[in-house]
Amino acid sequence: MKRLAAVLLCAACGGAAPVGPPVSLPSAHGSHVPTEAERRAAVCERDDLASLAPTVALSPNVAADSGPVLDVAVLDAAGHREDVRAEATAPIAIGAPFDEAAARETSRRLWKTGRFADVAVESSADRGGVRVVFRVTPKPSIAHVFVAGETSSDDVATALRLEPGAPYDPVAIVSARRELRAALESKGLLDADATVSSAFVTPDRSSVDLCVRVKRGAVVTIDAIGAHGSAYDRDLDAVLASEDTKNVPGSVVDRDVLDRDEVVLAGALSDRGLVTHKIERKLVRHGDAITISFDVTDGPVFHYGKVDVRGQLVAPKAEYTKLVTFKRGAVFNRSEVAKAIDAIRALDTSRGRPDLDVEPEPNVDAATGTVALVIEVKGSPGFSTVDLKRGAGRAAASGDTATLHYTGKLLDGTVFDSSIGRAPFTFKLGGGSVIQGFERGVMGMKVGGKRRVTIPPDLGYGKRGAPPKIPPSSTLVFEIELLSIQ
Amino acid sequence: MIFASHSAEARVVDRVVAIAGPHVVMMSEVRREAAPYLAQVHEKDPLARAQGETVVLRDACERLIDAALEEDEAGRLHLEATPDEVEAGIDAVAKNNGTTRDGVLALAAEHGMDAARYRDEIRRQILEGKLLQLRHPDPNKLDAARAALVAELRANVYVEDRLAP
């Protein structure tokens, strides 16, 4: 039957077009107008989507005609101009030589309009130049959507966004079918499948019938979930029970939550020094039930190696190390490290530097079974401070009025301003009366302290600079001595 | 209307030959991809030569479809091949073949691949390698893994190869 249809299609093409994939063409049988049942049977017998365009012959390696491009047009097979936006053909420059890459870009833009099933580029020599035609084939429209299989409603067709009259777009259909499968799977229909087939209704391939078939299958539910193979199976099961209220016996599988479960289990193992553990997730079907197992290989227990805090510290180092509650030789615990990082962030914030990043840099040494840990305090790119002399007393914070001496230099050492030899400079921290980098640089200083502050342009005078002394986009270096805070 | 519907002098110089999900592959791209391999078709018999070239063009089209899908998947997974990785890849090819970087690029040029095209090819291979490492990490079954990866990617999108027999 399909073979016959293919022959009929070829006859309908008048021998000019190559034969496409087999399609059912009931209307090609003389004057018989197919009934809806015949059309339904014809399209639902198929198991694939009809190709958007006939198979094309391999084009010879032809070059476009030479000379400047005289004109560009987008025409259909009958020579009628297609109404497309000017941007579509913009890559082809009138008057310039024909450019293959520009023609490709134009073809892609036409394709992306979603209206065409085929785009071919034609060139023809004419009066010392070349005329370029983008020959387009409009997409067929959807004539009828039949629904078959284990569903009696049109819900599935709606989910696949298949509407009679809309353009037939197999790219979108396949994409929507994937989404539909995922949606069915999220309802526990793990065996569900949706297939769509199509067939041209008329020999001119201007419209297609579609058939949607859905196999739903049974709802598959979880019969058990747990961790296995670890010395801490019980603890891990307790963690799972407290963290995951969705993947429980009797419910359907939520794969997103399973992903999260794996992260939670990894964290629990790392809290016990098992930093090189392995977790393998297994889902085993038994009929309409599924067992979820996290198979764990613990690996050795790791201990802390050298622990250090460094980087752009805005308080004495002792204050930082006091926040690191774990010591060398103790069993590594990821949650302890996370707590220390939070505490360091809070310290930085209390010293007026909430912008600082705190990053753990662990170094796992399998040979010694240790995790050396550096907690690095990092400033925003380009901004930095160096304490030349530490002061005493409380640290300057937002709301304080600071009195200080400063000297500002460009990176080449040119001094553009200084309070030395004048009255000390006084300003309110957090008041926005000075450049942002200067204010940030003073935060955390103590009376009597001296600090060198490097300020990138975006925290200084920006792209414009401050003519004539400060050129555009200048990085500034201030040396500041804090005299008092009130 | 400026143009006749079917000008006698008009000839098709390019056209869509494949659809790979949201992408289209043009004939000119297939010819470009196939160029180094077309040069290796040496049959003297015109028919055999044409058949050989057809196979090369179809293979090139399939490679471009797979490359487009792999590129999409790599993007989805935020994988990339940095310029440094590409250069290191060229160095590795040179070392494996007992030659220099310039030697590799010269050899590629002899086969119709300029430096930019060759780098693009290496970049493509690196991305594919990263995808394989994520999805099918067994290095002993590379061909099977590559086939499985491509099959997975093709199963998720609409693919139409108009050069296919």
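Start by selecting strand 11 and strand 12 (residues 370-378) of chain A: they run antiparallel, and 9 bridges join them. Before you go on, remember that what you have open is a predicted model.

**Stop 1: a sheet in chain A**

Zoom in on Pro362(A). Which residue stands opposite it in strand 12 of chain A? Click across and you'll land on Leu373(A).

Now widen your selection to take in strand 10 as well. You have an open sheet of 3 strands, in the order 10-12-11, and its pairing is mixed. If you're wondering what holds such things together, strands of a sheet pair through backbone hydrogen bonds, either parallel or antiparallel. Look at the edges next: strand 10 (303-311) and strand 11 (357-365) of chain A each have a single partner strand, so one side of each is left without a neighbour in the sheet. Turn the view a little and look for the twist, which averages 15° from one strand to the next.

What packs on this sheet? Select helix 10 (residues 334-350) of chain A, which touches strand 10, strand 11 and strand 12 of chain A. Its direction makes about 20° with that of strand 12 of chain A.

**Stop 2: where the chains meet**

Show both chains and colour them separately. The contact takes 37 residues from chain A and 31 residues from chain B. On the chain A side, several elements each supply at least two residues, among them strand 1 (69-75), helix 4 (100-112) and helix 6 (170-186). Which element of chain A gives the most? That's strand 2 of chain A, with 8 residues. Try colouring this side of chain A by residue class: you should find 19 nonpolar, 9 polar and 9 charged residues.

Keep strand 2 of chain A selected and add strand 1 (residues 11-20) of chain B. These two pair across the chains in the antiparallel sense, over 4 bridges. For one spot to click on, try Val121(A), which stands opposite Asp14(B) in strand 1 of chain B.

The predictor gives the complex an ipTM of 0.86 and a pTM of 0.65.

**Stop 3: confidence along chain B**

Hide chain A and colour chain B by pLDDT. The average is 86, and 94% of the residues score at least 70. Now select residues 1-8 of chain B, where the pLDDT is below 50. Beyond near neighbours in sequence, this stretch has 13 contacts in the model.

Finish with the helices and strands of chain B. Where is confidence highest, and where is it lowest? Strand 2 (residues 23-26) of chain B comes out highest, at 95, while helix 6 (residues 142-155) of chain B is lowest, at a mean of 88.

Methods
Residues are numbered from 1 along each chain as its sequence is written. Chains are lettered from A and ligands numbered from 1 in the order in which they are written. This is a predicted model: local features need pLDDT of at least 70, side-chain atom pairs count only at pLDDT 80 or more; totals for chains, interfaces and linings use all residues. pLDDT is the predictor's confidence in each residue, from 0 to 100. Two residues are in contact if their C-beta atoms, placed from the backbone, lie within 7 Å. Ala, Val, Leu, Ile, Met, Phe, Trp, Tyr, Cys and Pro count as nonpolar, Asp, Glu, Lys and Arg as charged, and the others, Gly among them, as polar. Two strands pair if DSSP finds at least two bridges between them. Axes are lines fitted to C-alpha atoms, for helices over the stretch in contact, and angles run from 0 to 180 degrees between N-to-C directions.
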